[in-house]
Amino acid sequence: MTDTVTQTKPQQAHPDIHHPFIYLDDEYQPAMEASIPITTQAFNYGTGVFEGIRAYLAEDQRTLNIFQLDAHIERFINSSKLLLIDHLPSHQEMKAIILELLRKNQAGTDCYIRPIAFKKSLLPGQGFGVKLSGVSSGLAINSLNMPSVSAQKSLRCTISNWRRVSDNSIPARAKITGSYINSALAMESAYRAGYDDAIMLNVHGNIAEATTSNVFLVKKNKLITPAINSHILEGITRSTVITLATEELGLEVEERDISPSELFAANECFLTGTGIEVTPVEQIDHCYFNSAEPHSLTSEIQRLYLKSVRGQLSHFKHWLTSVN
């Protein structure tokens, strides 16, 4: 793969700053010069998939580790297969590309990595239209500084009138770019009503997920979360939290249908996701929770999660991939 990029001065550790180089069309390019044609199929029809991956500085403030990189790449490749996005690098090649990208960007602080695989252009002899076969594939990866949101205040949410898209309509297990209009509509309605996020119901009227994160309840010292067949994304942070809760805290975790009325009757509620990490919910519509209290289970799970991403839990260090 072509590599003609020269090294630049180390970037300043500033929140939400995009890194200078991206990966596109089998090479590393200056981010300011990278572009795709407006005729790109994914731009026109939403036929792309993506991942959100985080890297964290270790406790020593020198080592940068990517959290759950293998799990993210595996889901990314599986999502790509659903859309017939082919000719992508292998799992190990993808891993090497991401690591090299962070090295070229001289990443030295908490950051975020966004790979996108997409349908590119019609192959010769293919007629115009919405399709998956007969279309070439592309891969882009960019990264940016992103501090942990661990100090973020607890969230105020509402039950959305927008239903979570059905798995029979758009595969819920895949992070498909076009499907996120569903989340954007729900989030916009919540913002305009004065809330931070929205809890979405599935086609059966049960709790599915928030706009970009999974939902957990705490009830009688037990965690309850919607099952995988509840039309939800099979979240990697969700899986991480279940492991920490069971193995570190000895908690029982139930994965099952949750009605809105049961959500309102919970003691605590929190959201999980790569971007949001583990964030307490203090209010859903007219109901309030004790999620942000210092001795709540939510706070304890949040502390464990942040320890795991910083490499402070020795028996979970296999979740980390060092960039250095």
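# A quick tour of the predicted model

Search the whole structure and you'll find zero disulfides. Keep in mind that this is a predicted model. Its secondary structure adds up to seven helices and 17 strands, and buried residues account for 53% of the 324 residues in the protein. Below is a walk through the overall build, the cysteines and a few individual residues.

**Overall build**

- The radius of gyration is 20 Å, which agrees with the value near 20 Å that a compact globule of 324 residues would have.
- Laid out along its principal axes, the C-alpha trace covers about 60 × 50 × 35 Å.
- Take the contacts between residues at least 6 apart in sequence: 70% of them join residues at least 24 apart.

**Surface and charge**

- About 15000 Å² of the protein is exposed, and 52% of that area comes from carbon and sulfur atoms.
- On the charge side, there are 28 positive and 34 negative side chains.
- The centres of those two sets of charges sit 1 Å apart.

**The cysteines**

- A disulfide, as a reminder, is a covalent bond that links the sulfur atoms of two cysteines.
- For Cys 287, the closest cysteine sulfur belongs to Cys 269 and is 11 Å away, so the two are too far apart for a bond; the cut-off for a disulfide is a pair of sulfurs within 2.5 Å.
- Cys 287 is also buried, at a relative accessible area of 13%.
- Cys 111 is buried too, and its relative accessible area is 0%.

**Ile 232, a buried loop residue**

- You'll find Ile 232 in the loop that runs between strand S12 (222-225) and helix H5 (236-247).
- Despite that loop address, Ile 232 counts as buried, because its relative accessibility is 1% and the limit for buried is under 20%.
- Leaving aside residues up to four places away in sequence, Ile 232 touches a mixed group of neighbours, including Arg 164, Ala 172, Arg 173, Ala 208 and Glu 209.
- Other residues that Ile 232 touches, on the same terms, include Asn 214, Pro 226, Ala 227 and Arg 238.
- Ile 207 is 25 residues from Ile 232 in sequence, and their C-alpha atoms are 9.4 Å apart in space.

**Ser 79, a buried helix residue**

- Ser 79 is part of helix H2, which covers residues 69-82.
- With a relative accessible area of 1%, Ser 79 is buried.
- Not counting residues up to four places away in sequence, Ser 79 touches Val 49, Arg 173, Ala 174 and Lys 175.
- Arg 173 turns up in two lists here: Ser 79 touches it, and Ile 232 touches it as well.

**Two residues with positive phi**

- Gln 106 isn't a glycine, yet its phi is positive, at about 50 degrees.
- Gln 106 has its place in the loop between helix H3 (91-104) and strand S6 (111-122).
- The relative accessible area of Gln 106 is 25%, so this residue is partly exposed.
- Glu 277 has a positive phi as well, near 60 degrees, and it is likewise a residue other than glycine.
- Glu 277 belongs to strand S15, residues 277-284.
- Unlike the partly exposed Gln 106, Glu 277 is buried, with a relative accessible area of 1%.

How values were computed. Residues numbered from 1 in each chain as written. Predicted model: local features only at pLDDT ≥ 70, side-chain atom pairs only at ≥ 80, totals over all residues. Heavy atoms only, no water. Helix = DSSP H or I, 4+ residues; strand = E, 2+ residues; numbered from the N terminus. Rg over C-alpha atoms; globule rule 2.2 N^0.38 Å. Buried < 20%, exposed > 50% of the residue type's maximum accessible area, 1.4 Å probe, protein only. Contact = heavy atoms within 4.5 Å. Areas by Shrake-Rupley, 256 points an atom, 1.4 Å probe, with all protein chains shown as cover. Lys, Arg positive; Asp, Glu negative; His and termini not counted. Charge placed at Lys NZ, Arg CZ, Asp CG, Glu CD.
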